[in-house]
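Subject: Structure handover

Hi,

Here is the structure I promised you. My notes on what turned up in it follow below.

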Amino acid sequence: MHSLRVRFLVSISLVAVLALLALLLIARLLIYPNLISQENVYANQELDRVQSTLQGHLDSLGGVTRDWANWDASYDFMLGRRPDYTVENFSQEMFEDTRHLMMVYLDLQGNPVWIAGHNPQTNQYSTCSTPAGDCGWTAATVSVIQAHVRGQHEGLDRWLLSTPSPMMAATSSILPTDPQAGPTVGWLTIVRDMDADWLASVRAQTGIDIAVEPRLHPAPNLQLPALMRVDRDRLMISRQLTAVPDNTLLELRAMLPRRDFAANWQTFHFAMFWTAALLVVVLTVVLLLLERIVLSPTRRLALFTREQCQQTGPVELPVSLIARRDEIGSLARQFQQLLRQQQAQTESLKRLSRHDHLTGPYNRRYLDEQLHHLITRAQRDHVSLGVITLDIDHFKAYNDHYGHPAGDYCLQQVARTMKHCLGNEGIIARSGGEEFTVLLTNCAPKRIRMHAERLRAAIDNLALGHEYSPTADHVTISSGIAVFDPCHPCSAEELVQRADRMLYRAKLAGRNRMGDDEQVRATGPEA
Ligand SMILES: Nc1nc2c(ncn2[C@@H]2O[C@H](COP(=O)(O)OP(=O)(O)OP(=O)(O)O)[C@@H](O)[C@H]2O)c(=O)[nH]1
């Protein structure tokens, strides 16, 4: 049998486990993906910020380039009208201040006219009309610029170069200040290196660590993850930017801290932990309350019932149960009432099964039980036991004359008189129709005879009229006495038979008298 306590414990543990599982599932299927998606949005927004900063730098470079290209002095220089233009306007300091890598003037066919630049490798400033000699370091870049410019027809263009290193460039057609004053005479391209200084300036502006790398020959099936969580604290997001020459790219990468995610995830863990802890505490409290309010009283009620089944005493449930104002208290009160009713019924049944319902004394069955029991005890305690058998004389005639109800009344009167006469001494039983038997325990033979005589006299003195009695004008009784002698033990049946014989003798001797077996023993069996 499983106790309620075990059942509740198992059920509540199951509920707790299911609730924790549900929490884990919610975390796994809802919270975590939501946090990840929020983090993705955050990473893309941060990279957008970097890209717009890059665009800002490109725009600024474009503005500077257009100013230079739309300046009349530049226009005149391209037409060969300003021989001092380069000396007057360019120097190493100017390139260091503006952080420009190079400036390339090209004619309308895209051929370089003049190149000036600051070589970051050698930290040397050089100017040339062709990308050779001192300007040999510009050759690769100038050839990319030439190819790009030849495809461009007019206006301003801002673009990214991927070779030989990441660079940004702006190209503008060279025009006079007044566009009506003359046609385009060539192109000016200003290039800025996206070097460590530039990366540092972006970092200063955005607060984000970035890297830019050229991808010269991207494999078609090379799928780099756009967003990669490097570890618990960092994630890397990358974006590929179109660059020149064709089929090359610049990969813009940003390394971002996962602060929000870590904080949210930590908060969620914290909430999860305390929710789980609270759940366990609540379920434990529920279990304790169940134990205190329901299980413990129920167990006491069950224990009480078991004890009641084993004993026959007054029914009293513990006050703590009876006094309760809840269902258990009500159950206990009903139960106690039920037990009391049952006990009363049992007592009543017991009384009915022992007593003669017409006259009140014990019945034959109880007499037999007691006689066997008392003989055993008398033998054990070595004491005597007296049996008096009484029979109403000529009771048939009484019945016939006065009727059966009167006969019943007569029996009741005789029984009441006997009870009155003996008090608490002896056991009185109605052993037959009009026959009564008295058992007298631990009583000397002399006293037994005295009681028998007192009984006879009491009935005689009752003077219940009996006109048709051949021996008297009122109701009388005859009795037989037998005494159990522990020195000469006999069975219950023998003892009763002896008393009956003595009764028979008393009847024969004329009724309204007693027959004593000691007299019989003294005078012989047939006397
Ligand atoms: N009214 C009444 N009569 C009963 C009851 N039980 C037995 N009797 C009657 O008691 C009578 C007993 O009669 P008998 O056995 O002949 O004995 P008796 O007439 O008393 O004669 P003796 O005993 O020899 O003096 C019968 O008539 C029974 O009907 C009872 O409960 N009520």
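Please keep in mind that this is a predicted model. I start in the middle of the chain and then take the two sheets and the ligand.

Residues 268–290 are 100% helix and 0% strand, with 32 Å between the end C-alpha atoms. UniProt lists this stretch as "transmembrane region", in an unreviewed entry.

Next, a helix pair. Helix 7 covers residues 259–310 and helix 9 covers residues 327–354. Their axes come within 11 Å and cross at roughly 5°. Angles under 35 degrees count as roughly parallel, and helix 7 and helix 9 are therefore roughly parallel to each other. On the helix 7 side, the contact uses V294, P297, L301 and Q308. Helix 9 meets them with I328, A332, F335 and L339. By class, that contact has seven nonpolar residues, one polar and no charged.

Now the six-stranded sheet. It is open, pairs antiparallel and has the order 3-2-1-6-5-4. Strand 3 (124–128) and strand 4 (156–161) are at the edges. Each has a single partner strand, so one side of each lacks a neighbour in the sheet. Neighbouring strands are turned by 15° against each other on average, direction ignored. Strand 1 (residues 102–107) and strand 2 (residues 112–119) run antiparallel and are joined by five bridges. V104 has I115 in strand 2 as its bridge partner. Helix 5 (residues 139–150) lies across strands 1, 2, 4, 5 and 6, at about 45° to strand 1.

The other sheet has five strands. It is also open, but its pairing is mixed, and the order is 12-13-11-14-15. Strand 12 (427–430) and strand 15 (514–516) form the edges, each with a single partner strand, so one side of each is left without a neighbour in the sheet. The twist averages 20° from one strand to the next. Four bridges pair strand 12 with strand 13 (residues 435–441) in the antiparallel sense. I428 has V438 in strand 13 as its bridge partner. Two helices pack on this sheet. Helix 10 (residues 364–381) touches strands 11, 12, 13 and 14, at about 25° to strand 13. Helix 13 (residues 445–462) touches strands 11, 13, 14 and 15, at about 165° to strand 14.

Last, the ligand. Which residues come nearest? Of the 16 around the ligand, they are D393, F395, K396, G407 and G433. Strand 11 (385–392), helix 11 (395–402) and helix 12 (404–422) each give two or more residues to the shell. The shell has five nonpolar, five polar and six charged residues.

Best wishes

Definitions and conventions:
Residues are numbered from 1 along each chain as its sequence is written. This is a predicted model: local features need pLDDT of at least 70, side-chain atom pairs count only at pLDDT 80 or more; totals for chains, interfaces and linings use all residues. A residue is near a molecule or strand if its C-beta atom, placed from the backbone, lies within 6 Å of it. Ala, Val, Leu, Ile, Met, Phe, Trp, Tyr, Cys and Pro count as nonpolar, Asp, Glu, Lys and Arg as charged, and the others, Gly among them, as polar. UniProt positions are given in the numbering used here, feature names are shortened, and annotations may be inferred rather than shown by experiment. Two strands pair if DSSP finds at least two bridges between them. Axes are lines fitted to C-alpha atoms, for helices over the stretch in contact, and angles run from 0 to 180 degrees between N-to-C directions. Two residues are in contact if their C-beta atoms, placed from the backbone, lie within 7 Å. Angles under 35 degrees count as roughly parallel, over 145 as roughly antiparallel, 65 to 115 as roughly perpendicular and the rest as oblique.
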